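Could you walk me through this structure in my viewer? I would like to know what to select next and what is there.

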Amino acid sequence: MVSSPVRINPAPTPAYICPYDRTCSYLGQAAVELNLDDNILVVLQQPRKVVTVSIPVKLDNGKVEVLAGHRVQHCDVLGPYKGGLRYHPSVNLGELSALAMLMTWKCALISIPYGGAKGGIGFDPHQYSINELERITRRYASELIKDIGPETDIPAPDVGTSSREMAWIMDTYSMNMGRAVLGVVTGKPLSVGGSKGRDMATGRGVMITVREALAEMGKTLEGVAIVIQGFGKVGAAAAQLFYEEGATVLAVSNVSGGIYSENGLDIPALQAYAAHNNHSIAGFPDSEPISNAELLTLACDVLIPAAMEDQITEENADQIQAKMIAEAANAPITLLADQMLEARGIIVLPDILANAGGVVVSYLEWVQGQSFVFWDEERVNHEMENLMVRAYARVSERAKLRGVSLRLAAYTLGVGRVAQALMDRGLYP
């Protein structure tokens, strides 16, 4: 096992700013706005711990393959580390470090007692059998047994993982501890301590944030034109909730392609169609195909990137016709593109606010697991909505008071809370 707190990314090139440097750039902007001491800033720029482990796995054909697993723990001054576990070929330490830092600011902004972390294994889970995935997941959890725990670091599902993987991790950890430990992960199945409302949580948080932003303009969701890039766990949930609130979902997309309907898509029918077609939405009746590039530039009231990072770049930012963008994915807008959108007056609801519903309900699941008292879905949704509404109000108020973007306002609130806690706790030793 290798543990290192050093910076792990090369300097950015003029053509591309890597996710970690982009996140540090936003941190730097917040530090200037907060007049933050350089000694605090240098601490917050670095992940506290980076763990890389070797994962040997016996495949179904008898061959042994060795994968590399990572866990980046950014900052725990407010509480245990919290963050997803990602299975994807693009996983690298730079990406994970950026996402861990984002989670730190997100938790601080929403006022839940966590710090940020992120884990991942760089492979394509679709190329492996369920038995192989279980062996990979359990070995990963075993290698990190001293670095995770309900009071240390609490993983959750992310790209390429689900409640299934969380159940395997929970069982592996529990077997090593000799007792059932419900709080070691969140996003678990209900049968082993999961929370009602978790599946829809991130999408619900997106809907609430958009609703609150529109309400400030004197508008409701009724008839608002929505475009969603990504029809996975988050995008599909958001689409359903917007549809139920009377919004018109013009277009959605996933790995099978995109579809568009001028009059709006029937989201319940689309979900049923996708469920019977191996998650493909291609060929859905009363719709026409549309490319991902075309979808992003459709005229609409609200564009919701709910896929992967770096979807809106300096290449297409000037073609965006949405009046508002809600970042359901983490870091879907590059640094330069964000500046271009701000200059054009396009409102961006930042990721650390807009997609925080998932970590809020993860926190509520952890609270339930620690107390062994579980709530009904109505209470979970109510508690989450209260936290999201209050967070949006704080961000909006700060943005107006300081005359800054919603992103910078959100960062100053999140970074400021962590910085204050760090100053109050002091530097050990």
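Start by selecting residues 225–229, which form strand 7 of this predicted model. Strand 7 is mostly covered, with five of its five residues buried. Now show the side chains. Which way do they point from strand 7? Ala225, Val227 and Gln229 point one way, while Ile226 and Ile228 point the other way, and all are buried. That fits a general pattern: in a regular strand, side chains alternate between the two faces of the sheet.

Next, add residues 248–254, which are strand 8. Strand 7 pairs with strand 8 in the parallel sense, over five bridges. To find a spot where they meet, pick Ile228 and look for Val252 of strand 8, which stands opposite. To follow the chain between these two strands, select helix 7, residues 233–244. The chain passes from strand 7 through helix 7 to strand 8, and this β-α-β crossover is right-handed.

Strand 7 has another partner to visit: select residues 302–305, which are strand 11. Strands 7 and 11 run parallel and are joined by four bridges. Click on Gln229 and then on Pro305, its bridge partner in strand 11.

For the last stop, move to helix 6, residues 201–216. How many of its 16 residues are buried? The count is 13, so helix 6 is mostly covered. Try a distance between the C-alpha atoms at its ends: they are 23 Å apart, which agrees with the 22 Å that 16 residues should span at 1.5 Å a residue. Finally, select Gly218, which follows helix 6 and has a positive phi, near 80 degrees.

Note on methods:
Residues are numbered from 1 along each chain as its sequence is written. This is a predicted model: local features need pLDDT of at least 70, side-chain atom pairs count only at pLDDT 80 or more; totals for chains, interfaces and linings use all residues. Side-chain values use heavy atoms; hydrogens and water are left out. Buried means under 20% relative accessible area, exposed over 50%, partly exposed in between (1.4 Å probe, protein chains only). Two strands pair if DSSP finds at least two bridges between them. A crossover is right-handed if, with the strands pointing away from the viewer, the path from the first strand over the helix to the second runs clockwise. The expected span of a helix is 1.5 Å times one less than its number of residues.
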